[in-house]
Amino acid sequence: MNLQEQLVSEHRTWLTGFDGQHLKSWNDLFIDNPEAALCEAAVRDIVQGFGFAVEPVADLKGQIVKGAVQRPDFRCSNGVGAFYLEVANISIAKAIEQTNLPHPQQFGSARNYAKLTKAIFAKAQGKATQCEQDLPTLLAVGTFHTAASHRAMDRLCASNLLTGEPMITWNIDTRTGASVGDTYQSTKLKYASFLKPGECSIINARTSISGILLCGFGVVPASIIGVLHPEADRPFRPELLPRIPFGEVQIDYEKHRLTAVWQGE
């Protein structure tokens, strides 16, 4: 039995401990979109491995899979805290399109590639309403693309989700058209998951999402890093997941500067 078959078997066994509709819904998803179903199973497996009790929270009174009320996929709890987890998958095909990285991974050939920042940002846009819950809610975005799992979902990708994609900027003398001074980095908050430009300042966005987990399941062990919302409706306590490095954005309004910082550094 390979790792995927083992994951499927273990997830089905776990689901038998709950209402039978949960297993049927997951089996239907596995037939329709196996990567998305496997992503849910992989996230559940990771969180259970951290010592959390995990239970599905889909609304079984409504339509199969989606439910009458949009809810996150899982409720996770231990002796000191609880939170919800909503899972979103970036397909291998989408990761190839977004990054220009081949799958399976090919070694020895250099190529230009992009991060998965845009794709993860799109998932956050689509899941904000579903994360409006009574507990902190994390959005776990995963992919099984091999190279993208560690090259396109790294700290730079995570930092860009916090501050927006950086641009190389320089000042122009409007009289001569010549550049003035040194170049510097700036941002228009493009793909920033938790911030957006306001009329006079930066304002918060998607405050229902307490944080995002970037889950690279195409490598073993999985690569997982997190980013936290600076002003979430229900802040997530990163000490609940101490083995996952979390980044957050620091805003210096006086210097007009955004900085991604990582806990413990």
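What follows is a walk through a predicted model, from its sheet to the helices that pack on it and then to its cavities.

The sheet is open and has 8 strands, in the order β1-β2-β3-β4-β9-β10-β11-β12, with mixed pairing. The edge positions are taken by β1 (53-56) and β12 (257-262); each has a single partner strand, so one side of each is left without a neighbour in the sheet. On average, and with direction ignored, neighbouring strands of this sheet are turned by 25 degrees against each other.

Two of the strand pairs can be followed residue by residue. Strand β9 (211-216) pairs with β10 (residues 223-228) in the antiparallel sense, over 6 bridges. Within this part of the sheet, Gly216 stands opposite Ser223 in β10. The pairing of β11 (246-252) with β12 is antiparallel over 6 bridges, and Val249 has Ala260 of β12 as its bridge partner. These two strands, β11 and β12, form a hairpin with 4 residues between them. In the turn of that hairpin, His256 has a positive phi of about 55 degrees. In a regular strand, side chains alternate between the two faces of the sheet.

Two helices that pack on the sheet come next. Helix α3 (residues 34-49) touches β1, β2 (74-77), β3 (82-89), β4 (137-143) and β10, and the direction of α3 makes about 150 degrees with that of β3. Helix α7 (residues 155-163) touches β9, β10, β11 and β12, and the direction of α7 makes about 140 degrees with that of β12. Strand β10 is thus touched by α3 and by α7.

Helix α3 also packs against two other helices. With α2 (residues 20-32), the packing angle is about 135 degrees and the axes are 5 Å apart. At this angle α2 and α3 are oblique to each other, because angles of 65 to 115 degrees count as roughly perpendicular and those over 145 as roughly antiparallel. On the α2 side the contact is made by Trp26, Leu29, Phe30, Ile31 and Asp32, and on the α3 side by Pro34, Ala36, Ala37, Leu38, Glu40 and Ala41. By class, these residues are 9 nonpolar, no polar and 2 charged.

With α1 (residues 3-15), α3 packs at an angle of about 75 degrees, and the axes are 10 Å apart. The two helices α1 and α3 are therefore roughly perpendicular to each other. Here α1 contributes Gln4, Leu7, Val8, Glu10, His11 and Trp14, while α3 contributes Leu38, Glu40, Ala41, Ala42, Arg44, Asp45 and Gln48. The contact of α1 with α3 has 6 nonpolar, 3 polar and 4 charged residues. Leu38, Glu40 and Ala41 of α3 take part in the contact with α2 and also in the contact with α1.

The last topic is enclosed space. How many cavities of 30 Å³ or more does a search of the whole structure find? The search finds 2, and the largest has a volume of about 50 Å³. The largest cavity is lined by Val43, Ile46, Val47, Phe50, Leu213, Cys215, Phe217, Ile224, Leu241 and Ile244. Both α3 and β9 supply at least two residues of this lining, and α3 gives the most, with 3 residues. The lining holds 10 nonpolar residues, with no polar and no charged ones.

Terms used
Residues are numbered from 1 along each chain as its sequence is written. This is a predicted model: local features need pLDDT of at least 70, side-chain atom pairs count only at pLDDT 80 or more; totals for chains, interfaces and linings use all residues. Side-chain values use heavy atoms; hydrogens and water are left out. Axes are lines fitted to C-alpha atoms, for helices over the stretch in contact, and angles run from 0 to 180 degrees between N-to-C directions. Angles under 35 degrees count as roughly parallel, over 145 as roughly antiparallel, 65 to 115 as roughly perpendicular and the rest as oblique. Contact means heavy atoms within 4.5 Å. Ala, Val, Leu, Ile, Met, Phe, Trp, Tyr, Cys and Pro count as nonpolar, Asp, Glu, Lys and Arg as charged, and the others, Gly among them, as polar. On a 1 Å grid over the protein atoms alone, a cavity is a set of points where a 1.4 Å probe fits but cannot get out, and a pocket is an open set with protein on both sides within 12 Å along at least five of seven lines; lining residues have an atom within 4 Å of a point. Grid points are joined across faces, edges and corners, and a volume is the space filled by probe spheres set on the points. Two strands pair if DSSP finds at least two bridges between them.
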